[in-house]
Each structure stands twice: as structure tokens, then as C-alpha cells.
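Subject: Structure handover

Hello,

Here is the structure you asked about. Please load it before reading on.

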Amino acid sequence: MTPALEPSAPAPARRPWLRGVLILGRLLGVLALALAGYRWLYVPEPSPPAPAEEAEAAPQAFPRFEGADLAGLTPAQRAVATWLGNKYRVAPEAVAYLLLEAERLAPLYKLDVNLIMAVAAIESNFHPLIESPVGAQGLMQVMPQIHAYRYEAYQQKNAALDPVVNLQVGVSILRDAIKLRGGSEDAGLIFYFGGDGAAGQRYLAKVRAEQARLRRVAAGEDVPIR
């Protein structure tokens, strides 16, 4: 005789709010995936900094040109810087800065410091941004196209317009010009000028006269600026 089956227990009643939570969770998951896909496909990467922003953080292209403290100079240096400043209407502190550099270069190239300053005076009147009709630039009026290789070591754009760099390059050119003319300073100066004949002789006379005046100023003489 088959035993009678016990009646099964009734299924627990489902909670309606739980079903709603599950559905909402699925919808939120699908929405999150959709947003992630949209961002990956359509949102651009952050753009790099604008050139102006980069320029603000970049170092200066040229070494800082600073004036020398006149109070810290010797009487001879101060007299020369002041005399040249008055004559050429430039700041004596700036001339003093160049004078100190010329004094450093003079023994290295076996040149008189007054000769270096005289060449700068006659070439540019101590105006470092000047350019000649033929393209010679700066304090020592160097042709950047011809002497481009001399500027390579400085690794800076428009180095010819930096007064100290231009002075250094100009002095090296003058030294080489003197060597090419058998060690004669006069012949080297004319060669540096780039012209022979009467024009070369006039240039030589101007440089030598200015050199002589600077020697007198450095010695303490009262030399007229005109």
C-alpha cells in the first residue's frame, strides 16, 4: 500500500521591494557601463600646456646682463667706465660690466684692454643692438653669417645680440686677424674692419686715438669727451 504523501510546504512569499532593488541595480550597472564607454570613445585627452604657459616656466634665452657696481671698481676702472658712459651716452654701470669682461679677455688673447674697449667704441658706440647696412651686428659688429661657427658653443638664438657674447666673439676674431697679418696689430685691425686703402687707415686712426684717450683716462688725466 503506497504511503500517503505529506503535503509540501507552501513557497515563501516573494518580497516585492527586493525585486525592485535588483532591477534598479541592473539599470545602474548598465548606465555606468554606458557612461564609461562614452568617456572612452568621445572625451578628448587633456590638451598640453599652451606655448605661453611653457614660456613662463622656461629659462631665459640669454645670460642675464647686469651692470657692475661702480663703488666696487678701482679708480682707473671707474674713471674709464664713467668717461665712456658720458661720451657715448650709455649707462656707466653697463660699460663697467663690459670693461671687467674685457680685462678678463685681454691676457687670454694678448691684447690691450684699452684696445678692446676702443674697438667696441668705434664699431658700435657701445650700443649692442645696432646692425650695419651689410648685416654686422652688436657691440663688436660681427657678421653672424660669416662667423656662425663661433657662436655654436653658446647654444642660444641670436647670440650676436648679447653684449658679452658679442664681445667674446669679436675679441677672438680680432686675435685671429692679427695672426693672419703676421702678428701686426695695425694690419689686423684693418683686416678686422674689412677694408684697405684710405677707409682702413681712417678706421685704424680712430681706434688708436680712442685707445690712447682711454689710457690717459685710466691714468687719472682729465680727458675731454669731445
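Below is what was found, from the whole chain down to one helix and one pocket.

Note that this is a predicted model.

Overall fold. The protein chain has 9 helices and 0 strands. Its pattern along the sequence is therefore helix after helix, α-α-α-α-α-α-α-α-α. Of its 226 residues, 35% count as buried. Among contacts with a separation of 6 or more, 54% join residues 24 or more positions apart.

Helix α7. This helix covers residues 163-180. Its 18 residues should span 26 Å, because each step along a helix counts for 1.5 Å. The end C-alpha atoms are 25 Å apart, which agrees. The helix is mostly covered, with 14 of its 18 residues buried. At its start, a side-chain oxygen of D162 comes within 3.1 Å of the backbone nitrogen of V164. After α7 comes G182, with a positive phi near 70°.

Largest pocket. Its volume is about 580 Å³. The lining is made of 25 residues. E123, Q141, Y192, F193 and G194 lie nearest the centre. Four elements give two or more residues each to this lining: α5 (113-124), α7, α8 (185-193) and α9 (197-218). Which of them gives the most? That is α9, with 4 residues. By class, the lining has 16 nonpolar, 5 polar and 4 charged residues.

Helix α7 thus appears in both parts: it is mostly covered, and it gives two or more residues to the pocket lining.

Best regards

Terms used:
Residues are numbered from 1 along each chain as its sequence is written. This is a predicted model: local features need pLDDT of at least 70, side-chain atom pairs count only at pLDDT 80 or more; totals for chains, interfaces and linings use all residues. Side-chain values use heavy atoms; hydrogens and water are left out. The expected span of a helix is 1.5 Å times one less than its number of residues. Buried means under 20% relative accessible area, exposed over 50%, partly exposed in between (1.4 Å probe, protein chains only). A polar contact is a pair of N or O atoms within 3.5 Å; within protein, one must be able to donate a hydrogen and the other to accept it, and residues adjacent in sequence count only if both atoms are side-chain atoms. On a 1 Å grid over the protein atoms alone, a cavity is a set of points where a 1.4 Å probe fits but cannot get out, and a pocket is an open set with protein on both sides within 12 Å along at least five of seven lines; lining residues have an atom within 4 Å of a point. Grid points are joined across faces, edges and corners, and a volume is the space filled by probe spheres set on the points. Ala, Val, Leu, Ile, Met, Phe, Trp, Tyr, Cys and Pro count as nonpolar, Asp, Glu, Lys and Arg as charged, and the others, Gly among them, as polar. Contact means heavy atoms within 4.5 Å.
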